[in-house]
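New to this one? Take a moment to look around the model before reading on, then come back for a guided tour.

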Amino acid sequence: MNNCIYLDNNATTKIDEDVLATMLPYLSTYYGNPSSMHTFGGQVGRAIRHARNQVASLLGALDSEIVFTSCGTEGDNAAILAALKAKPTKKHIITTEVEHPAILNLCRKLEREGYSVTYLSVNGKGQIDPDELQASLTGNTAVVSVMYANNETGVIFPIEQIGQMVKEYDALFHVDAVQAVGKIPLDMTNSTIDLLTLSGHKIHAPKGIGALYVRKGVRFRPFVIGGHQERGRRGGTGNVAGIVALGKAAELAQVHLKGIYEEKRLRDKLEKAILSNIPNTVVNGDVNNRLPNTTNIGFKYIEGEAILLSLDQFDICASSGSACTSGSLEPSHVLRALGLPYSVLHGSIRFSLSRFTTEAEIDRVLEVLPGIIDRLRELSPFSSDDADWLKEQEEAVLAR
Ligand code: PLP
């Protein structure tokens with residue numbers, strides 16, 4: 001399995017070997033508690049300070065603005081709940097229909113608790129309409145939470161334009177940058193962002209570590225209540241090895257950003273060859289505002305899961321974005337929000353690359369994929385001849 005062609009890097013990434021080597025001593029030799037007074041614990045505290053500086057430097061932030069968390073989900077939850085506490089009289093939240101469940105499910109819970117939530121829609125390219133945001137902002141808006149880049153389509157939102165609008169209403173601005181960090185340059189120096197979430201396992205650090213940027217001056221109440229760790233902003237003895245790993249991963253991400261065009265070149269090669277060699281294929285999302293590593297392609301008239309299973313037989317890992325719930329395969333909420341036709345919704349596959357993706361791997365995918373699609377289309381009960389059936393389904397989907 002270790003020789004698989006891994007094109008599912010938006011789901012999680014391989015730990016970089018340098019990251020692993022940096023963290024391992026903190027699982028064995030340096031096991032002291034960073035809060036201890038003795039020298040043994042003190043050297044662990046120093047390693048955490050260094051990691052904080054590495055993460056801050058990737059974001060153009062101050063060291064004191066970085067709070068280590070356990071994952072992106074915790075960061076997202078902590079940010080929204082802290083923002084609501086910082087604006088106790090305001091009861092309105094704005095987010096988008098295409099956020100990660102870490103935001104969407106929290107917002108649904110908050111609705112049940114009496115908050116009102118506006119879920120901004122997206123157009124067919126997965127972009128929000130700034131006018132809809134403008135019309136939704138009120139004096140009662142406590143926080144606007146918008147992702148930097150979408151995990152399924154890679155579409156990048158106009159973050160600073162959104163932030164300017166948010167600032168007019170004395171609301172806090174949270175950005176889920178879990179997918180953007182390490183793939184596009186970020187700089188908090190002159191940014192409108194108040195709170196920003198990132199996650200280690202998306203940038204070649206291990207799972208179970210993340211960070212939240214909290215702009216200096218923003219009132220922040222902890223989500224995990226306990227000791228005085230993280231300057232009282234997150235209780236609990238930190239995941240030291242994870243923190244050290246995240247620091248190293250952030251340092252390497254900064255270096256890698258300079259060579260990100262190579263990842264983009266391979267993504268573009270894959271995408272262009274698929275579109276020109278396989279009929280009835282379409283790229284989902286705003287192709288001009290996208291992460292350099294992601295492509296989401298709709299293969300019309302076949303099920304995405306069938307494509308994934310066939311790719312798996314060639315040791316190729318990709319993703320469909322569908323969640324198998326109660327035996328039925330529902331297309332993802334993200335692709336549904338784009339209002340894609342039924343034929344595209346069900347046959348969409350996400351390929352997400354990393355700095356470890358090679359040209360030979362892309363060539364191998366391009367070698368086997370046309371055959372897979374041909375075979376599945378021959379087996380498929382749906383084809384372009386089923387126009388009536390498809391039209392009916394499309395209408396049913398759009399009416400939902
Ligand atoms: N936000 C986005 C956009 C994500 O893609 C993910 C993970 O896929 C998360 C949040 C959650 O991150 P974690 O898996 O670290 O909890």
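What follows is an informal walk through the cores, a helix pair, the cysteines and a handful of single residues. Keep in mind that this is a predicted model.

**The cores**

Let's begin on the inside. In soluble globular proteins, nonpolar side chains tend to be buried together. Here, the largest nonpolar core takes in 68 residues, and Leu59 and Tyr148 are the ones with the most contacts inside it. Which helix gives the most to this core? That would be helix H8, spanning residues 240-257, with 11 residues.

Tyr148 is worth clicking on. Setting aside its neighbours within four places in sequence, Tyr148 touches a long list of residues, including Val155, Ile156, Phe157 and Ile159. Val175, Ala177, Ala180, Ile184, Leu186 and Ile193 are also among its contacts, and so is Asp176.

There is another core apart from that one, with 26 residues. Among its members are Ile5, Ala273, Ile278 and Leu353.

**Two helices side by side**

Ala273 turns up again where two helices meet, as one of the H9 residues that touch H13. Helix H9 covers residues 260-277 and helix H13 covers residues 359-379. Their axes sit 10 Å apart and make an angle of about 10°, which means that H9 runs roughly parallel to H13.

On the H9 side, the contact is made by Arg265, Leu266, Lys269, Leu270, Ala273 and Ile274. H13 brings Glu359, Ile362, Asp363, Val365, Leu366 and Leu369. What kinds of residues make up this contact of H9 with H13? The split is 8 nonpolar, 4 charged and no polar.

**The cysteines**

How many disulfides does a search of the whole structure find? The count is 0. Take Cys71: the closest cysteine sulfur to its own belongs to Cys107, and because the two are 16 Å apart, they are too far from each other for a bond. Looking from the other end, Cys107 is in no disulfide either, and its nearest cysteine sulfur is that of Cys71. The surroundings of the two also differ: Cys71 is partly exposed at 25% relative accessibility, whereas Cys107 is buried at 0%.

Cys317 is another one to find, in strand E11. With a relative accessibility of 16%, Cys317 is buried. Along the chain, Cys317 and Cys4 are 313 residues apart, yet their C-alpha atoms are separated by 7.1 Å. Neighbours within four places in sequence aside, Cys317 is in contact with Cys4, Ile5, Tyr6, Leu7 and Asp8. One of those partners, Ile5, is also listed in the 26-residue core.

**Pairs to compare**

The Cys317 pair is one of several worth setting side by side. Here are the separations along the chain and in space, taken between C-alpha atoms.

| Pair | Apart in sequence | Apart in space |
|---|---|---|
| Cys317 and Cys4 | 313 residues | 7.1 Å |
| Lys216 and Ala61 | 155 residues | 9.3 Å |
| Ala306 and Gly347 | 41 residues | 8.7 Å |
| His50 and Tyr119 | 69 residues | 39 Å |

Now for some background on the residues in those pairs. Lys216 belongs to the loop between strand E8 (210-214) and helix H7 (229-232). Is Lys216 buried or exposed? Lys216 is exposed, with a relative accessible area of 60%. Beyond its neighbours within four places in sequence, Lys216 contacts Leu62 and Glu65.

Ala306 is part of helix H10, which spans residues 304-313, and its 26% relative accessibility makes it partly exposed. His50 is in helix H2, residues 39-59. Like Ala306, which is partly exposed, His50 counts as partly exposed, in its case with a relative accessible area of 47%.

**Two backbone oddities**

Finally, look at a couple of residues with a positive phi that are not glycines. His204 has a phi of about 70°, and Asp315 has one of about 60°. Where are they found? His204 is in the loop between strand E7 (195-199) and E8, while Asp315 is in the loop between H10 and strand E11 (316-317). At 6% relative accessibility, His204 is buried, whereas Asp315, at 36%, is partly exposed.

Conventions
Residues are numbered from 1 along each chain as its sequence is written. This is a predicted model: local features need pLDDT of at least 70, side-chain atom pairs count only at pLDDT 80 or more; totals for chains, interfaces and linings use all residues. Side-chain values use heavy atoms; hydrogens and water are left out. Axes are lines fitted to C-alpha atoms, for helices over the stretch in contact, and angles run from 0 to 180 degrees between N-to-C directions. Helices (H or I, at least four residues) and strands (E, at least two) are DSSP runs, numbered from the N terminus. Angles under 35 degrees count as roughly parallel, over 145 as roughly antiparallel, 65 to 115 as roughly perpendicular and the rest as oblique. Contact means heavy atoms within 4.5 Å. Ala, Val, Leu, Ile, Met, Phe, Trp, Tyr, Cys and Pro count as nonpolar, Asp, Glu, Lys and Arg as charged, and the others, Gly among them, as polar. A disulfide is a pair of cysteine sulfur atoms within 2.5 Å. Buried means under 20% relative accessible area, exposed over 50%, partly exposed in between (1.4 Å probe, protein chains only). A nonpolar core is a set of buried Ala, Val, Leu, Ile, Met, Phe, Trp, Tyr and Cys residues joined through side-chain atoms within 4.5 Å.
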